[in-house]
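Student: I have a model open and would like to learn how to read its features one by one. Where do we begin?

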Amino acid sequence: MLSAAPSRRVAAILALLAGLFACTFERETAVLRHDLSALEPAGFGVSPFNIEEKLKRGFIPEVIACLTGPSGRGVETEKGIRLLAEAKLEAGDFPVAEALATRALSRSLRSELRADLEWLRSQAAYWRGDFATAAAAAEGAQKAGRGVPDGWVVFLRSIGSQRLYGGAEPGTRATLRFRYGRPNLLRLDVRVNGQATSEMILDSGASISLVTETAAARLGIAAVEGAATSARGLHGKEIPMRLGWARSVALGALTLRDVPFGILPDGTLTFESATRGLFAPEGVLGVHLMKEFDWRIELPERRLQMIRLEPDIRRGGEGQNLFFRRLKPMVRVSFNRQPWSFFLLDTGSEPTMVTPEGLSANRFTGWEPSAPVTLEGIGKTRVSWAKVSNITLGVDRYAVWFRDLVVNEGADAIGDGIIGMSFLSPFDLEIRFSRMMLSLQRTAERRPSAPPMFEPPSGVESPR
């Protein structure tokens with residue numbers, strides 16, 4: 001995902017990085033063990049004096065512990081309320097984040113803080129699927145001076161008080177097959193409003209699911225009048241986008257009702273390269289939908305298992321390494337064995353990348369701007385960016401060493417980098433939005449007998 005400059009960050013909440021292609025140099029990799037116990041304790045150094053910087057760096061559980069413990073008394077009250085609400089939102093504890101923001105908004109506050117808290121409250125309600133509350137809070141943020149796009153508010157208002165993502169009962173599970181390779185992106189057969197799509201990419205890096213104008217018309221996705229905003233491609237190129245609704249989205253035997261979509265101009269999701277030829281999916285399924293499930297992805301078998309979650313599940317738990325920021329999933333990553341960096345988890349990106357901010361934060365030098373790498377993004381945009389060499393990124397129990405990585409020089413909305421499929425492909429993946437955990441299992445170490453059991457989160461039973 002790419003965004004605009006800081007003054008336009010809210011307008012870039014729907015900026016997208018769908019189906020990035022890179023050169024093949026990333027194939028020179030090695031999988032290593034990642035000993036979490038050998039890393040520096042993640043909470044080391046979190047204090048009232050550096051708590052904002054630590055939150056930015058992804059030390060979210062540690063910031064919550066600081067603010068709710070004795071050290072929290074050293075943080076100025078208004079600042080502490082904002083930081084705790086922000087940390088709870090990013091931890092996936094949406095009801096608590098919303099309650100904290102609502103309570104704080106009953107006080108007399110500076111306009112800037114009021115705008116921040118209203119926008120935070122809007123995001124929490126959005127994640128809960130309560131678009132009416134999200135719209136009211138977004139309007140409150142506008143009145144307090146935050147630049148929330150009018151088209152986004154119109155869209156939030158359009159569904160009224162109806163709850164989103166109805167349909168499949170909690171605990172319902174499904175097993176699907178997917179296609180993978182040329183390009184290395186997960187492509188699923190999906191039915192929208194009862195109509196089959198050609199294929200859609202499972203794209204955790206997209207805030208909202210996307211289709212092209214032609215696909216929207218064929219599938220019966222109804223655009224909302226006045227609900228228009230823009231997405232962003234590489235180089236920050238703006239791409240017009242309308243917003244609309246699908247009555248239903250079916251993945252195998254699982255169906256969700258009332259699902260939001262972004263509608264992009266035809267050709268926006270078309271990519272072409274000498275090695276892969278033409279690739280033109282009808283759309284992508286974004287993280288707003290993915291968060292309704294726990295996922296297990298087994299690449300060698302091209303098999304995907306999913307379990308429907310309780311709508312109001314309290315997310316998170318011990319060992320949490322997955323978080324939300326700017327309507328995106330972020331994962332805590334060790335960078336050359338040093339904790340912690342904050343990377344976008346993007347199953348819709350082939351390359352894994354690091355940003356200049358991530359390199360600076362980890363005191364890394366050695367760019368090679370004279371050896372650019374060409375990538376393609378949405379809107380037929382292309383960029384040539386620098387590369388860095390000899391980088392090891394660690395998640396969960398494993399690390400991947402890269403001889404070369406792309407330096408994403410585009411914008412500031414992806415934290416320290418992107419964990420793309422070039423990192424994830426050696427593993428079976430479990431993306432647990434219930435526990436907010438990304439877990440990796442080396443495919444070569446899995447017993448090849450029966451499919452691994454993929455259990456629902458605690459307290460969720462499969463319906464009889």
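Student: Where is the place of Ser207?

Tutor: Keep in mind that this is a predicted model. Ser207 sits in the loop that runs between β7 (200–202) and β8 (209–212).

Student: Is Ser207 buried or exposed?

Tutor: A residue counts as buried when its relative accessible area is under 20%. Ser207 has 0% relative accessibility, so Ser207 counts as buried.

Student: Which polar contact does the side chain of Ser207 make with another side chain?

Tutor: The partner is the side chain of Lys328, at 3.3 Å. In addition, a polar atom of the Ser207 side chain lies 3.1 Å from the backbone oxygen of Leu327.

Student: Lys328 belongs to strand β18 (residues 328–335). How should I read the two faces of a strand?

Tutor: The side chains of a regular strand alternate between the two faces of the sheet. In β18, one side carries Lys328, Met330, Arg332 and Ser334, and the other carries Pro329, Val331, Val333 and Phe335. Both faces are covered, and the residues named on them are all buried. Counted over the strand, that is eight of eight residues.

Student: Which way does strand β17 run relative to β18, and how many bridges join them?

Tutor: Strand β17 (residues 322–325) runs antiparallel to β18, with four bridges between the two. As a register mark, take Arg325, which stands opposite Lys328. The hairpin of β17 and β18 has two residues between the strands, and Arg326 takes a positive phi near 50 degrees there.

Student: And how many bridges pair β18 with strand β19?

Tutor: Five bridges, again in the antiparallel sense, pair β18 with β19 (residues 338–345). Here Arg332 stands opposite Phe342 in β19. The hairpin of β18 and β19 also has two residues between its strands, and Asn336 takes a positive phi near 50 degrees.

Student: What does β18 share with strand β23?

Tutor: Two antiparallel bridges link β18 to β23 (residues 387–395). Phe335 stands opposite Leu393 in that pairing.

Student: Now a helix. Which residues of α2 are buried?

Tutor: An α-helix has 3.6 residues a turn, so residues three or four places apart point the same way. For helix α2 (residues 60–68), the buried residues are Ile60, Glu62, Val63, Ile64, Cys66 and Leu67.

Student: What do the buried residues of α2 pack against?

Tutor: They pack against two helices, α1 (51–56) and α3 (77–90), and against the strands β17, β18 and β19.

Student: For contrast, where is Arg435, and how much of Arg435 is accessible?

Tutor: Arg435 is found in the loop between β26 (427–432) and β27 (437–442). Its relative accessible area is 40%, so Arg435 is partly exposed.

Student: Which residues does Arg435 touch beyond its sequence neighbours?

Tutor: Leaving out residues up to four places away in sequence, Arg435 touches Gly316, Gly317, Glu318 and Gln320. A C-alpha distance can be read in a similar way: Arg435 and Ala91 are 344 residues apart along the chain, yet their C-alpha atoms are separated by 9.9 Å.

Student: What do the totals for the protein chain look like?

Tutor: The chain has eleven helices and 27 strands. Of its 464 residues, 61% count as buried. Among contacts with a separation of 6 or more, 69% join residues 24 or more positions apart. The accessible surface is about 17,900 Å², and carbon and sulfur atoms account for 49% of that area.

Technical notes: Residues numbered from 1 in each chain as written. Predicted model: local features only at pLDDT ≥ 70, side-chain atom pairs only at ≥ 80, totals over all residues. Heavy atoms only, no water. Buried < 20%, exposed > 50% of the residue type's maximum accessible area, 1.4 Å probe, protein only. Contact = heavy atoms within 4.5 Å. Areas by Shrake-Rupley, 256 points an atom, 1.4 Å probe, with all protein chains shown as cover. Pairing = 2+ DSSP bridges. Polar contact = N/O pair within 3.5 Å; in protein donor to acceptor, adjacent residues only side chain to side chain.
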